[in-house]
Amino acid sequence: MPRPIPHTQPTPNSPRATPARRAAAIFLLATAIALLPACSLWPTKPSALAISPVGNEPLRLRGSFDRAFYDFDDQNHVTVLLLAGPEDAPGSTPDQAAVLRMLWKPKAGQTPLAPAATNATIHYLIFADANTAAGPLQEVGVYAGAGFLYLEGTPGTARLTGSLWDADLALIDRSDRFNDLLGPSELEGSFTARRDRTRVRTALRKLATETSSRLGYPRLVSAE
């Protein structure tokens with residue numbers, strides 16, 4: 001942060017401030033603002049997805065993700081990874097994880113938003129841990145579906161914001177004692193993800209390993 005100018009110095013509006021000094025002060029102020037962290041002026045849009053069961057079920061699950069990363073192969077192929085809960089502690093597993101894979105990029109004003117239009121696949125993982133008299137339970141539910149993903153930025157930038165809507169979701173795999181409280185559901189929400197290819201690939205491998213371990217057989221987590 002720049003140091004405040006002492007009151008004893010002339011300000012741009014004081015009688016002793018020459019046009020050159022005024023211009024210099026304006027330049028310094030603009031430079032100081034440009035150097036401030038972006039988050040102090042433009043708050044990061046939170047990442048959250050809401051799951052609503054189809055029908056009259058009262059349950060509604062809202063996943064609020066504290067970490068979001070993305071990677072891309074080209075402008076039409078983007079992978080977004082959303083994580084909630086612990087990640088880096090030894091042996092830790094996220095509470096929830098969502099993998100969104102965009103297959104083609106819609107163009108504003110050119111792509112029709114038909115109700116049946118989908119351009120992204122989804123994997124949504126719910127990890128449930130509990131200690132019981134019989135020992136620890138480590139369950140997992142794997143949900144999958146497809147929906148419409150719209151990016152508000154251009155893949156390749158440091159941060160990428162997007163929205164997901166009209167997505168369906170259904171349980172496709174689960175461990176023996178995982179309790180599916182959702183059933184067929186609808187998914188929507190938004191995210192702001194940081195570009196980090198290494199983080200995305202490493203996390204996907206860890207998620208696949210953990211999911212396979214809990215299921216007892218191999219399960220890829222790629223949303224492709």
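Here are four short exercises on the structure above, each with a worked solution.

This is a predicted model, in which local features need pLDDT of at least 70, side-chain atom pairs count only at pLDDT 80 or more, and totals for chains, interfaces and linings use all residues. Residues are numbered from 1 along each chain as its sequence is written, and side-chain values use heavy atoms, with hydrogens and water left out.

**Exercise 1. Find out which stretch has a pLDDT below 50.**

Step 1: Recall that pLDDT is the predictor's confidence in each residue, from 0 to 100.
Step 2: Start with the whole protein chain, whose average is 76, with 67% of the residues scoring at least 70.
Step 3: The stretch to mark is residues 1-44, where the pLDDT is below 50.
Step 4: Where pLDDT is low, the predicted coordinates should not be read in detail.

**Exercise 2. Decide whether Leu207 is buried or exposed, and list its contacts.**

Step 1: Locate Leu207 in helix α3, residues 197-215 (helices, H or I with at least four residues, and strands, E with at least two, are DSSP runs numbered from the N terminus).
Step 2: Buried means under 20% relative accessible area, exposed over 50%, and partly exposed in between, using a 1.4 Å probe and protein chains only.
Step 3: Leu207 has 4% relative accessibility, so it counts as buried.
Step 4: Contact means heavy atoms within 4.5 Å. Leaving aside neighbours within four places in sequence, Leu207 touches Leu81, Leu83, Pro94, Ala97, Leu125, Phe127 and Val221.

**Exercise 3. Sort the residues of strand β1 by the way they point.**

Step 1: In a regular strand the side chains alternate between the two faces of the sheet.
Step 2: In β1, one group is Ser47, Leu49, Ile51 and Pro53, while Ala48, Ala50 and Ser52 point the other way.
Step 3: Check the cover: seven of the seven residues in β1 (47-53) are buried.

**Exercise 4. Explain what the salt bridge between Arg197 and Asp71 ties together.**

Step 1: A salt bridge is a side-chain nitrogen of Lys or Arg within 4 Å of a carboxyl oxygen of Asp or Glu. By this rule there are nine.
Step 2: For Arg197 and Asp71, the N to O distance is 2.8 Å.
Step 3: Arg197 belongs to helix α3 and Asp71 to strand β3 (residues 67-74), so the pair ties together parts that are 126 residues apart in sequence.
Step 4: Compare the two partners: Arg197 is partly exposed at 37% relative accessibility, whereas Asp71 is buried at 9%.
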